[in-house]
Amino acid sequence: MTVVIVHRGDKPVAAIGVRDELRPEVPDVVSVLASQGVGVTMLTGDNGRTARALAAQAGIADVRAELRPEDKAAAIGELRRNGSVAMIGDGINDAPALAAADIGIAMGAIGSDAAIESADVAFTGHDLRLLPRAFEHAQRGRRVINQNIVLSLLIITALLPLAMFGVLGLAAVVLVHEIAEVIVILNGLRAAPRPTAPRVSSATRERVSA
C-alpha cells in the first residue's frame, strides 16, 4: 500500500494505507488475453511494492511502477518496438500514453475527458471482459475481410482470361460475378458479433498496457 502519515502538530498520530483494488474479473481477463497471444504490461504511478502486489494477484509479470504521465508514454514507445500496442486507461495521467499507443482504449464513459479524447476507442462500461471479446471480434473480422479479398482476386483473375478468349460469354461472366458477390456478402456476415458470454480460451505480437 501507499502509506499516508497523519500528523497532529509535529507528532504522527496515524498511518493510513491506500491502494487500488483489483476488479474481480481481472485475473480471468489477463488469462484470456494471454491465451489469445496478447501480452499484458502494468503501467502505474503507484509505488513499486503496491504495483507488484496487485500485479501478482492479476497474473501480470511485466510491471512498471512510479511512472509519471510522460514515463507511461515513453514506456509505450518502448513496447511498440516489439509490435502493436493497445493502451487501456481512464485517467488524465493516461492521456499521453493513450495517444502514443497504436490503439488507445478508454474504459468507462465517466473517465476523464482528456483520456476519452486521446483514445481511439471508448467503452461505455467498466467490465474488462469487453477487451478479449473486442480483440476476438477484431481478429475474426480481419480473417473474413482477408478471405473476401482473396476470393475476389481469384474470381477476377479467372474470369478475365476466360472472357478475353471467348471461353465464357458475357452472360456467363456476369452470372459468375453476381454469384461471387452473394458469396462474399454471406461470408462477410460471419464477422458480426456473436452473442456469447466471455470465455477463457486461447497466440503474438500484440501487447496491452494498462
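Start by selecting Asp-62. With a relative accessibility of 24%, Asp-62 is classed as partly exposed, because buried would require under 20%. Keep in mind as you click around that this is a predicted model.

Now add Arg-64 to the selection and show both side chains. Arg-64 and Asp-62 make a salt bridge, with N and O 3.4 Å apart.

Stay on Arg-64 and bring up Glu-78. Here is a second salt bridge, where the closest N and O atoms of Arg-64 and Glu-78 sit 3.3 Å from each other. Colour by secondary structure and you'll see that this pair ties together distant parts of the chain. Arg-64 belongs to strand S4 (residues 62-64), while Glu-78 is in helix H3 (residues 69-80), and the two are 14 residues apart. How exposed is Glu-78? Its relative accessible area comes to 38%, so Glu-78 is partly exposed.

Put Asp-62, Arg-64 and Glu-78 on screen together. These three residues form a salt-bridge network.

Next, walk along the loop that connects S4 to H3 and stop at Glu-66. Check the backbone here: the phi angle of Glu-66 is near 55 degrees, which is a positive value in a residue that isn't glycine. Is Glu-66 buried or exposed? Glu-66 is exposed, at 54% relative accessible area, because the cut-off for that label is over 50%.

Move on to Arg-68 and Glu-70. Their side chains meet in another salt bridge, this one at 3.5 Å from N to O. Glu-70 has 45% relative accessibility, so Glu-70 goes down as partly exposed. If you want to hunt for others, a search of the whole structure turns up 7 salt bridges.

Time for a jump: select residues 149-176. The unreviewed UniProt entry labels this stretch "transmembrane region". In the model, the span is 82% helix and 0% strand. Pick the C-alpha atoms at the two ends of residues 149-176 and your distance tool should give 16 Å.

Last stop: colour by pLDDT and select residues 197-206. Confidence stays under 50 throughout residues 197-206. The model still gives that stretch 25 contacts beyond four places in sequence. For the wider picture, zoom out to the whole protein: mean pLDDT is 83, with 89% of the residues at 70 or more.

How values were computed
Residues are numbered from 1 along each chain as its sequence is written. This is a predicted model: local features need pLDDT of at least 70, side-chain atom pairs count only at pLDDT 80 or more; totals for chains, interfaces and linings use all residues. Side-chain values use heavy atoms; hydrogens and water are left out. UniProt positions are given in the numbering used here, feature names are shortened, and annotations may be inferred rather than shown by experiment. Helices (H or I, at least four residues) and strands (E, at least two) are DSSP runs, numbered from the N terminus. A salt bridge is a side-chain nitrogen of Lys or Arg within 4 Å of a carboxyl oxygen of Asp or Glu. Buried means under 20% relative accessible area, exposed over 50%, partly exposed in between (1.4 Å probe, protein chains only). pLDDT is the predictor's confidence in each residue, from 0 to 100. Contact means heavy atoms within 4.5 Å.
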